[in-house]
Amino acid sequence: MDTKNLTFSVGGVHMDEHKELTEKLPIEVMPEPKIAYIPLSQHIGAPATALVSKGDRVKVGQMIGNSEAFISCSVHSSISGTVKSIEKMYTADGRYCDCVVIENDFTGEKAEAEPMLNYEDLTIDDLIPFIKNKGIVGMGGAGFPLHAKLKSEDPVLDECIINGAECEPYLTCDHRIMLERTDDILEGLNIFSKFYNKNISYMAIEENKPDAIEVMEKRISQTDRWKHLKVVSCQTKYPQGDSKRLSEAVVKRIVPQNKVTNHVGVFLTNVGTTLAFYEAMIEGKPSYERVITVSGSGIENPKNILVKIGTPVGDILEFCGGVKEDYIDIVCGGPMTGKSVFDLRSPVTKTTSGLLALGASEINSGEESPCIRCSKCVDHCPANIRPTEINAAILKGDVDQCSALHADQCMECGICSFVCPSKRNLSPSMKLAKREIRMNMMRSK
């Protein structure tokens, strides 16, 4: 098979990457916050229920929230200290949920680590409760709990891909992880491969990261137990890192509507998740910290940082020198799919890949004007739907027409708004149409 210049077949767009701000900057460890606000909902699925109460003392890595629901996972303290309260608040990505508020005692006392070093003697089903209790979720997108992907059958998963595309502009946290934690990522892929494809498993990286491609290939060539791992390079094209697009690019398996990569036999997860998986399996470490990128023209000192989950946005911005006077917006995530942060006390979560302080030169907030029927939104749409027609339908309140136009297949990549010369609010209208379709379905049940 081809191993270079891989890509998907429908849509996509090339854009300014703005990764030069941080791609050469090593990961820094941010000091622990004085107060951590640990959200009990950081993923798709049921929120966790608090296992602690006001006045309880907790350790680093101690489970403080859990759920019996399968599509959910546990939550752990990222610091040691005393529980001050449990209160509802907004997270950096706009989720409104209960948060465990912990005052740091700065002792750094850790809960006992429980690795799973005998994985070679186990089945993938044996790993599911272990990974659920370690609280590992997808760190590159919506936050789907990892254990829910670890299927052994129905269908059988026989392809294994680690997603190192990191296609959103500005974000470089996965890039730095691949450079600085190379062996850990490859060993994580190696463990996955033992359950899914022992003959060949893939490390997929966009071609704008040649140093990561080089170091991964070099380490594989030097290590006998990784000989079955293969680095494949993908075109630098957004949204190359979307799981459905990457499945098609690497192993030519196209995911049908309303399905995920598991349905076509592909196990696929991203770099940050793989690192968390490795640390859980080998070190017994739960998921309570992650690497994020802080960038944009509005931040004084762009950085890649290892940050504790529950750290307030304001603390992170301060660690990076603060924002410049002319900044316009703070965005959680990338500029294409991220959300504006409206409260600097909001904590980062397991799915926070970056914080961007954007200035006037990076935000084109031109006046919306009538559609000129140029078809750019249709030509570039990776989901192969018609955003301009869905936009017209939802503006008229015609949810049935939105459904007929397959608005529910929108992946919310933001391309339609990005390419529109008329500055139509296409992406927000796609999200509205999807929401209304879901509401109609719920009413009909």
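The exercises below, each with a worked solution, concern helices, salt bridges, surface patches and backbone geometry in a predicted model.

Local features are taken where pLDDT is at least 70 and side-chain atom pairs at pLDDT 80 or more, whereas totals for chains, interfaces and linings use all residues. Residues are numbered from 1 along each chain as its sequence is written, and side-chain values use heavy atoms, with hydrogens and water left out.

**Exercise 1. Compare the expected and actual spans of helices H3 and H6, and state how many residues of each are buried.**

Step 1. Helices are DSSP runs of H or I with at least four residues, and strands are runs of E with at least two, numbered from the N terminus. The expected span is 1.5 Å times one less than the number of residues.

Step 2. Helix H3, residues 182-196, has 15 residues and should span 21 Å, which agrees with the 21 Å between its end C-alpha atoms. For helix H6, residues 271-283, the 13 residues should span 18 Å, and the end C-alpha atoms are 17 Å apart, which agrees.

Step 3. Burial is judged by relative accessible area with a 1.4 Å probe and protein chains only: buried is under 20%, exposed is over 50%, and partly exposed lies in between. In H3, 13 of the 15 residues are buried, so this helix is largely enclosed by the rest of the structure. In H6, eleven of the 13 residues are buried, so H6 too is largely enclosed; among them are Phe277, Tyr278 and Glu279.

**Exercise 2. Locate the partners of the salt bridges lysine 303 to glutamate 28 and glutamate 412 to lysine 434, and describe their exposure.**

Step 1. A salt bridge is a side-chain nitrogen of Lys or Arg within 4 Å of a carboxyl oxygen of Asp or Glu, and the structure holds 25 of them.

Step 2. Lysine 303 and glutamate 28 meet at 3.1 Å, N to O. Because lysine 303 lies in strand S14 (residues 303-308) and glutamate 28 in strand S1 (residues 27-29), the pair ties together parts that are 275 residues apart in sequence. Lysine 303 is buried at 12% relative accessible area, while glutamate 28 is partly exposed at 33%.

Step 3. The side chains of glutamate 412 and lysine 434 also form a salt bridge, at 3.1 Å from N to O. This pair links the loop between H10 and H11 with helix H12, its residues being 22 apart. Glutamate 412 is partly exposed at 27%, and lysine 434 is buried at 12%.

**Exercise 3. Which residues form the nonpolar surface patch, and what is their accessible area together?**

Step 1. Patch members have over 30% relative accessible area and no salt bridge; nonpolar side chains (Val, Leu, Ile, Met, Phe, Trp, Tyr) are joined within 5 Å, and like charges within 9 Å.

Step 2. The patch consists of Ile44, Phe70, Ile71 and Phe144, with about 320 Å² of accessible area together; areas come from the Shrake-Rupley method with a 1.4 Å probe. Phenylalanine 70, in the loop between strands S5 and S6, is partly exposed at 44%.

**Exercise 4. Where do the cis peptide bond and the positive phi values of asparagine 258 and glutamate 412 occur?**

Step 1. The cis bond joins tyrosine 238 and proline 239, with omega about 0°, and proline 239 lies in the loop between strand S11 and helix H5.

Step 2. Asparagine 258, with phi near 65°, lies in the loop between H5 and strand S12 and is exposed at 56%. Glutamate 412 has phi of about 60° and lies in the loop between helices H10 and H11.
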